[in-house]
Amino acid sequence: MRKIASITLAMTMTVTVMTGCGSKANQVVDHEGKLQVYTSFYPLYDFATKVGGDKVDVVNLVPTGVEPHDYEPSARNMAALEEADVFIYNGVGMESWVDKVLSTLENEDLLVVEASQGVDFIEGHTHDHEEEHTHEEEHAHGEEHNHDEEHTDSVDPHVWTSIRNAKIEMENIKDALVEADPENKDYYEANYNHYATQFDALDKTFTDTLSQFENREIIVAHEAFGYLCHDYDLTQVGIEGMNADSEPDPERMTEIIEFAKEHEIKVIFFEELVSPKVAETIAKEIGAQTMVLNPVEGLTEEQIAAGEDYLSVMAQNLEALKKALSR
Ligand SMILES: [Zn+2]
């Protein structure tokens with residue numbers, strides 16, 4: 001054991017020397033008393049930034065422009081989390097890596113926040129090819145078959161696509177910041193209340209606007225909008241299931257095209273962080289147009305630079321929904 005420890009130390013020192021060369025990477029950073037907050041992916045980053053204001057430094061683990069479904073933290077992320085005060089994640093299986101990461105961390109002072117606590121969860125489709133395996137097939141695959149891959153959770157993790165749920169997540173984040181930094185309780189609460197009012201107003205605009213349409217069906221890139229649809233009595237049909245990484249098969253494509261024809265759908269939604277190819281193929285087939293409906297899983301560099309946030313992207317989603325439903 002002792003030997004392993006000293007080797008590890010030697011390696012750490014080597015790395016220190018290499019990265020320390022000409023940079024400030026290894027100086028003790030003075031955070032000016034600000035809470036060091038880490039979030040797993042974009043909406044949580046946005047909510048933490050809104051509530052934390054200038055009392056916190058918020059770092060988002062999933063890089064800008066990266067789709068979070070297949071993300072895994074790097075060694076550098078792990079090192080950063082050892083120094084963090086607060087770690088905020090969505091939960092409900094959105095971050096498949098989170099249990100492993102949290103059990104590995106030695107940071108005993110880290111306040112861990114599962115932001116979706118208190119949300120009424122709904123079920124969604126996975127469209128996972130593995131689900132179609134029969135028992136016989138499983139046996140035929142024998143030892144090689146990875147059991148974990150088949151167990152696809154049917155609870156929908158995309159809670160933040162409901163503005164009401166997003167507000168719950170923001171409130172959980174506010175409570176955590178107050179717990180970690182009670183001196184600034186009033187500040188965090190004032191920020192929360194300020195944005196909660198805006199969330200309520202946007203939710204009301206969605207309700208008022210969307211209730212006017214007779215058509216209630218939308219075709220989306222992946223089934224990320226279950227909670228949004230639940231709030232406003234819409235129905236989503238996904239080219240892909242709840243995981244944006246699964247590949248649609250020809251059967252699914254045919255189903256979507258039939259559904260689109262039946263409901264005279266004129267818009268096929270795609271997302272900015274995944275390829276629009278399949279949406280374009282379907283749109284061409286039925287003479288529809290493609291349009292973005294953003295699941296707010298992550299923003300692009302351009303959107304961040306333009307100052308976009310959860311509220312502005314959701315407002316754009318409402319405009320897109322209006323166009324898609326007025327047919
Ligand atoms: Zn998703």
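A residue counts as buried if 20 or more other C-beta atoms lie within 10 Å of its own. The model used in these exercises is predicted.

**Exercise 1. Overview**

State what share of the residues in the protein is buried, and how many helices and strands there are.

Solution. Start with the residues: the protein has 327, and buried ones make up 34%. Next come the elements: 12 helices and 8 strands. Then take the contacts with a separation of 6 or more: residues 24 or more positions apart account for 66% of them.

**Exercise 2. Helix H2**

Find out which residues of H2 are buried and what covers them.

Solution. Helix H2 runs over residues 42-52, and 10 of its 11 residues are buried, so the helix is largely enclosed by the rest of the structure. The buried residues are Tyr42, Pro43, Leu44, Tyr45, Asp46, Phe47, Ala48, Lys50, Val51 and Gly52. Their cover includes E1, E2, strand E3 (86-89), H6, H7 and helix H12 (310-325). After H2 comes Gly53, with a positive phi near 50°.

**Exercise 3. Strands E1 and E2**

Work out which side chains of E2 point to the buried face and in what sense E1 and E2 pair.

Solution. Walk along strand E2, residues 56-60: its side chains alternate. Val56, Val58 and Asn60 point to one face and are buried. Asp57 and Val59 point to the other face and are not buried. Now add strand E1, residues 35-39: E1 and E2 pair in the parallel sense, over 5 bridges. Opposite Asp57 in E2 stands Gln36.

**Exercise 4. Helices H6 and H7**

Determine how H6 is oriented relative to H7 and which classes of residue make up their contact.

Solution. Helix H6 (residues 163-180) and helix H7 (residues 185-210) pack at about 180°, with axes 10 Å apart. The cut-off for roughly antiparallel is over 145 degrees. Therefore H6 is roughly antiparallel to H7. Residues of H6 in the contact include Met170, Leu177 and Val178; those of H7 include Tyr188, Tyr192 and Phe199. By class, the contact has 12 nonpolar, no polar and 7 charged residues.

**Exercise 5. Helices H9 and H10**

Classify the packing of H9 against H10 and give the handedness of their crossing.

Solution. Helix H9 (residues 250-262) and helix H10 (residues 277-286) pack at about 45°, with axes 10 Å apart. That angle makes H9 oblique to H10. Their crossing is right-handed. H9 contributes Met253, Ile256, Ile257, Ala260 and Lys261, while H10 contributes Ile282, Glu285 and Ile286. These residues divide into 6 nonpolar, no polar and 2 charged.

Key. Residues are numbered from 1 along each chain as its sequence is written. This is a predicted model: local features need pLDDT of at least 70, side-chain atom pairs count only at pLDDT 80 or more; totals for chains, interfaces and linings use all residues. Axes are lines fitted to C-alpha atoms, for helices over the stretch in contact, and angles run from 0 to 180 degrees between N-to-C directions. Helices (H or I, at least four residues) and strands (E, at least two) are DSSP runs, numbered from the N terminus. Angles under 35 degrees count as roughly parallel, over 145 as roughly antiparallel, 65 to 115 as roughly perpendicular and the rest as oblique. A crossing is left-handed if the near helix is turned anticlockwise from the far one by less than a right angle, and right-handed if clockwise. Two residues are in contact if their C-beta atoms, placed from the backbone, lie within 7 Å. Ala, Val, Leu, Ile, Met, Phe, Trp, Tyr, Cys and Pro count as nonpolar, Asp, Glu, Lys and Arg as charged, and the others, Gly among them, as polar. A residue is buried if 20 or more other C-beta atoms lie within 10 Å of its own, exposed if 12 or fewer, and partly exposed in between; C-beta atoms are placed from the backbone. Two strands pair if DSSP finds at least two bridges between them.
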